[in-house]
Amino acid sequence: MAIVNLQAYKVDKIEFANALENGTKISLGNKYSYQVQYAVGKDIARGTFDIEVHDKENPDQFKIRVIVVGIFAYNPDEKKEIIHTETFKSLFPYAKALITTVTANCGIQPVIIPNIDIDNQEIYRIDGNKE
């Protein structure tokens, strides 16, 4: 079995605001969060990817935010940190494509977010069980 297998995904939210005048130069910034929840007694996880791209100077004038949720089967022998990164890698392309598609269909230059190197970022996990 692969480490993770995407079973299904859905878009929970799309928010888009473009109140900028035509020809306005913008500088884009982004922020994101990713969380994984594990079903008790099953080898099923739910990943929630929330990303926002906005104008750094006027975030209320231009921003797009999407929340994409994926359901994954996973190998229970793997560490949670590896499952976390692998589910992220599976779900990220859907969020990236959605942002590009929405912006391209709104009559503006498409926003293409850069890849996120999740392997080189620290992952913090809080366990309810203290040993």
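This report walks through the fold, the ring pairs, the salt bridges and the largest pocket of one protein chain.

The model is predicted, so keep its cut-offs in mind: local features need pLDDT of at least 70, side-chain atom pairs count only at pLDDT 80 or more, and totals for chains, interfaces and linings use all residues. Residues are numbered from 1 along each chain as its sequence is written, and side-chain values use heavy atoms, with hydrogens and water left out.

**Overall layout**

The protein chain has 1 helix and 4 strands. Here helices (H or I, at least four residues) and strands (E, at least two) are DSSP runs, numbered from the N terminus. Go along the sequence and you read β-β-β-β-α. The C-alpha atoms fit a box of roughly 55 × 30 × 20 Å, taken along the principal axes. Of the 131 residues in the chain, 33% are buried. Buried means under 20% relative accessible area, exposed means over 50%, and partly exposed is in between (1.4 Å probe, protein chains only).

Past the helix, Pro 114 sits in the segment after H1. Pro 114 has a relative accessible area of 51%, so it is exposed. Between Pro 114 and Ala 73 there are 27 Å in space, C-alpha to C-alpha, and 41 residues in sequence.

**Aromatic rings**

A pair of aromatic rings is described by the distance of the centres and the angle of the planes. Rings of Phe, Tyr and Trp (its six-membered ring) pair if their centres lie within 6.5 Å; planes under 30 degrees apart count as stacked, over 60 as edge-to-face and the rest as tilted. By this rule the count comes to 10 aromatic pairs. One of them is Tyr 34 with Phe 49, a tilted pair with 6.2 Å from centre to centre and 55° between the planes. Tyr 34 belongs to strand E2 (residues 28–38) and Phe 49 to strand E3 (residues 44–55), so this pair ties together parts that are 15 residues apart in sequence. Tyr 34 and Phe 49 are both buried.

Phe 49 also pairs with Phe 88: the ring centres are 5.2 Å apart and the planes are at 75°, so this pair is edge-to-face. It links distant parts of the chain, with Phe 49 in strand E3 and Phe 88 in helix H1 (residues 80–104), 39 residues apart. Phe 88 is buried, as is Phe 49. Put the ring pairs together and you get a cluster of Tyr 32, Tyr 34, Phe 49, Phe 88 and Phe 92.

There's a charge to look at, too. The charged end of Lys 80 sits over the ring of Tyr 38, 4.0 Å from its centre. That label applies if NZ of Lys or CZ of Arg is within 6 Å of the ring centre and within 35 degrees of the ring normal.

**Salt bridges**

The structure holds 6 salt bridges, each being a side-chain nitrogen of Lys or Arg within 4 Å of a carboxyl oxygen of Asp or Glu. Among them are these:

| Salt bridge | Closest N and O atoms |
|---|---|
| Arg 46 and Asp 12 | 3.7 Å |
| Lys 13 and Glu 15 | 3.5 Å |
| Lys 89 and Glu 86 | 3.4 Å |

Arg 46 in strand E3 and Asp 12 in strand E1 (residues 4–18) are 34 residues apart, and their pair links distant parts of the chain. Arg 46 is partly exposed at 31% relative accessibility, and Asp 12 is partly exposed at 39%.

Lys 89 and Glu 86 are 3 residues apart in helix H1, so about one helical turn separates them. Lys 89 is partly exposed with a relative accessible area of 36%, and Glu 86 is partly exposed at 25%. Elsewhere, salt bridges that share partners join Lys 13, Glu 15, Asp 50 and Arg 65 into one network. Within that network, Lys 13 is partly exposed at 32% and Glu 15 is partly exposed at 27%.

**The largest pocket**

Rolling a probe the size of a water molecule over the atoms shows where empty space is left. On a 1 Å grid over the protein atoms alone, a pocket is an open set of points where a 1.4 Å probe fits, with protein on both sides within 12 Å along at least five of seven lines; lining residues have an atom within 4 Å of a point. The largest pocket has a volume of about 390 Å³, a volume being the space filled by probe spheres set on the points. It is lined by 16 residues, and the closest to its centre are Thr 24, Ile 26, Phe 62, Ile 108 and Gln 109. The lining divides into 8 nonpolar, 6 polar and 2 charged residues. Ala, Val, Leu, Ile, Met, Phe, Trp, Tyr, Cys and Pro count as nonpolar, Asp, Glu, Lys and Arg as charged, and the others, Gly among them, as polar.
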